[in-house]
Amino acid sequence: MSRAGRARNARDTWVPLVVLAVVTLATVWLRLRQASESLWLDELHTAWVAMGAWASIGAHSLVGNQSPVFFALEWALVHGVGASELTLRLPSIVAGGLLVVALFAMARAWTGSAWLALVPAWLAAVDPQAIYYGTEARPYALVQLLGLLHVANFAALVRTPTRGRRILGVAGAAVLFHLHYTAALLFAGELAWYAWMRARGRTAYAARAIALDAAITTLLMAPAAPALAAIFARRANWAKFVGQPEPWVAVAMLPWAASALVGAALVAVWRRANPANAAEAEDQIHCAVCWLAVPLVIAWAATTSDVARLLWPRYMAASAPAALILLVLALRDIPGRRLRAVAAVAVLVAGTVGSYAVRHFAATGRLLDWRADDWRDAVTWFNEHPRHAAGAVLLRSDLIETDALGPGSDSLLESYARYPLQALYGPVVNAERLVALRRNQPDLITDSVADVVDRSDAAWLVYNGGMTQEMRAAEAICHTLGERSGHSWAVVTTRSFGTVHVTLLGR
């Protein structure tokens with residue numbers, strides 16, 4: 001090889017790594033910019049669990065339909081470092097940065113091009129959904145990262161089985177499942193690809209071996225059976241936020257999924273006209289398609305049949321990276337180096353300019369405004385108000401589970417319903433003054449609640465939801481209190497902090 005050729009190879013080796021380092025730093029910076037804002041409702045559930053006792057992690061996680069594994073990690077961080085927005089979001093920030101590196105590594109291994117591998121890395125860095133997961137005190141960024149690593153290991157295992165890869169596959173599947181139960185949808189995609197590979201005689205991973213590994217994985221999942229049964233019994237709640245969309249809506253909920261599938265279809269047409277192309281490249285395309293499409297199809301079928309409404313972007317987190325891998329595989333198979341480079345640049349430009357986060361940042365200096373409930377500022381204003389100690393605090397949190405509140409409610413449910421004002425952001429009130437209201441009937445004031453309110457000439461309503469609905473609820477509560485006490489009640493003042501409204505009621 002000539003000196004110029006060696007220099008070019010060296011440049012193609014280290015320059016992409018330097019660019020990757022810059023992209024990774026940009027990824028972390030983009031996520032840190034959002035890390036100091038107020039926790040939103042679901043994140044406050046994480047804070048409530050993590051700030052509690054170790055023995056309560058399981059029960060407090062389950063009442064919010066979550067597995068305890070992620071919350072055990074959060075508990076260790078909070079009790080080791082201290083509770084703050086940054087502490088609670090740190091696992092997701094780290095996972096978001098590592099996801100970019102993992103995408104690069106997998107894309108480079110599968111395409112043979114470090115330059116092309118930068119495409120999915122950068123798209124993940126600026127993708128609003130990835131930024132959101134990477135700045136949220138919830139398990140979805142970790143699910144994305146570990147899901148990608150699991151597929152990469154499984155793909156290698158199917159081609160060349162080893163004991164180490166089998167152990168990693170079993171352990172990784174168990175961790176993913178217990179991190180978030182919906183990650184199990186990923187395994188269906190992997191098994192579908194394995195069946196495709198076995199039918200074509202392209203795997204040495206014996207059916208007996210994969211059956212044994214699946215049996216061990218199932219045993220490791222078994223301890224979650226009671227929790228899954230409890231969550232499944234509450235599945236009717238999911239219909240309150242998960243609709244029944246058409247199939248194309250299901251594809252559109254994952255960034256780049258539609259573009260990647262179209263690209264894969266075009267590649268399939270080109271491969272039919274060029275049958276001499278490598279079988280390994282075809283296997284990679286099919287792996288990415290199964291990784292992306294099979295969980296979506298299962299979730300869509302379960303949702304439209306109302307077995308369980310699983311078709312929600314968060315529940316598809318483990319499949320989201322598949323779209324980026326599929327996209328870069330389609331770019332790899334574009335004939336001609338120059339045309340391939342042009343297409344890659346076009347995708348990068350489209351992904352950057354078309355990113356809501358980038359456009360919103362250019363216009364406002366903020367990346368995302370998706371967390372609309374500003375509990376921190378709401379509680380701060382309440383605590384600084386001269387009359388913050390007056391009367392009861394009535395909380396309508398917008399938690400779906402609060403619709404089950406009523407006389408004789410379970411104490412755990414009562415505690416769960418109050419967590420938005422008892423976790424990281426706690427108003428200065430005695431526990432007996434904090435009353436959780438139902439989500440669907442916030443004006444349903446019981447005699448016991450009316451007695452608490454009547455001890456003072458004022459009460460507070462903290463309402464998470466629309467302003468119009470809040471005012472209607474405040475007026476209805478004033479009417480109910482007036483009927484029960486014989487005094488006239490009215491709104492004294494109200495302040496809004498996004499969708500969190502703090503209203504003082506007086507008589």
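**Exercise 1. Sort the lining of the second largest pocket into nonpolar, polar and charged residues.**

Step 1: the classes. Ala, Val, Leu, Ile, Met, Phe, Trp, Tyr, Cys and Pro count as nonpolar, Asp, Glu, Lys and Arg as charged, and the others, Gly among them, as polar.

Step 2: the split. The lining of the second largest pocket comes out as 12 nonpolar, 3 polar and 4 charged residues. Keep in mind that this is a predicted model, where local features need pLDDT of at least 70, side-chain atom pairs count only at pLDDT 80 or more, and totals for chains, interfaces and linings use all residues. Residues are numbered from 1 along each chain as its sequence is written, and side-chain values use heavy atoms, with hydrogens and water left out.

Step 3: the place. Ser113, Trp115, Leu116, Ala341 and Ala344 lie nearest the centre of this pocket, out of 19 lining residues. Helix H1 (3-35), helix H6 (114-126) and helix H17 (337-353) each give two or more residues to that lining.

**Exercise 2. Find where Ser456 sits and what it touches.**

Step 1: look in the loop between helix H21 (447-454) and strand S3 (458-464); Ser456 is there.

Step 2: check burial. Ser456 has a relative accessible area of 16%, so it is buried (under 20% relative accessible area; exposed is over 50%, partly exposed in between, with a 1.4 Å probe and protein chains only).

Step 3: list the neighbours. Leaving out residues up to four places away in sequence, Ser456 touches Ala390, Gly391, Trp489 and Arg507 (contact means heavy atoms within 4.5 Å). A polar atom of the Ser456 side chain also lies 3.3 Å from the backbone nitrogen of Ala458.

**Exercise 3. Compare the settings of three salt bridges: Glu43 with Arg89, Arg314 with Glu136, and Asp369 with Arg366.**

Step 1: the criterion. A salt bridge is a side-chain nitrogen of Lys or Arg within 4 Å of a carboxyl oxygen of Asp or Glu. The whole structure has 17 of them.

Step 2: Glu43 and Arg89. Their closest N and O atoms are 2.8 Å apart. Glu43 belongs to helix H2 and Arg89 to helix H5 (residues 85-111), 46 residues apart. Glu43 is buried at 0%, and Arg89 is buried at 0% too.

Step 3: Arg314 and Glu136. This N to O distance is 2.8 Å. The pair ties together parts that are 178 residues apart in sequence, and both residues are buried.

Step 4: Asp369 and Arg366. Here N to O is 2.5 Å. Asp369 is partly exposed at 39%, and Arg366 is partly exposed at 35%.

Step 5: the links. Glu37, Glu43, Arg89, Arg366, Asp369 and Arg371 form a network of salt bridges.

Definitions and conventions: 1 Å grid on protein atoms, 1.4 Å probe; cavity = no way out; pocket = protein on both sides within 12 Å on 5 of 7 lines; lining within 4 Å. Helix = DSSP H or I, 4+ residues; strand = E, 2+ residues; numbered from the N terminus. Polar contact = N/O pair within 3.5 Å; in protein donor to acceptor, adjacent residues only side chain to side chain.
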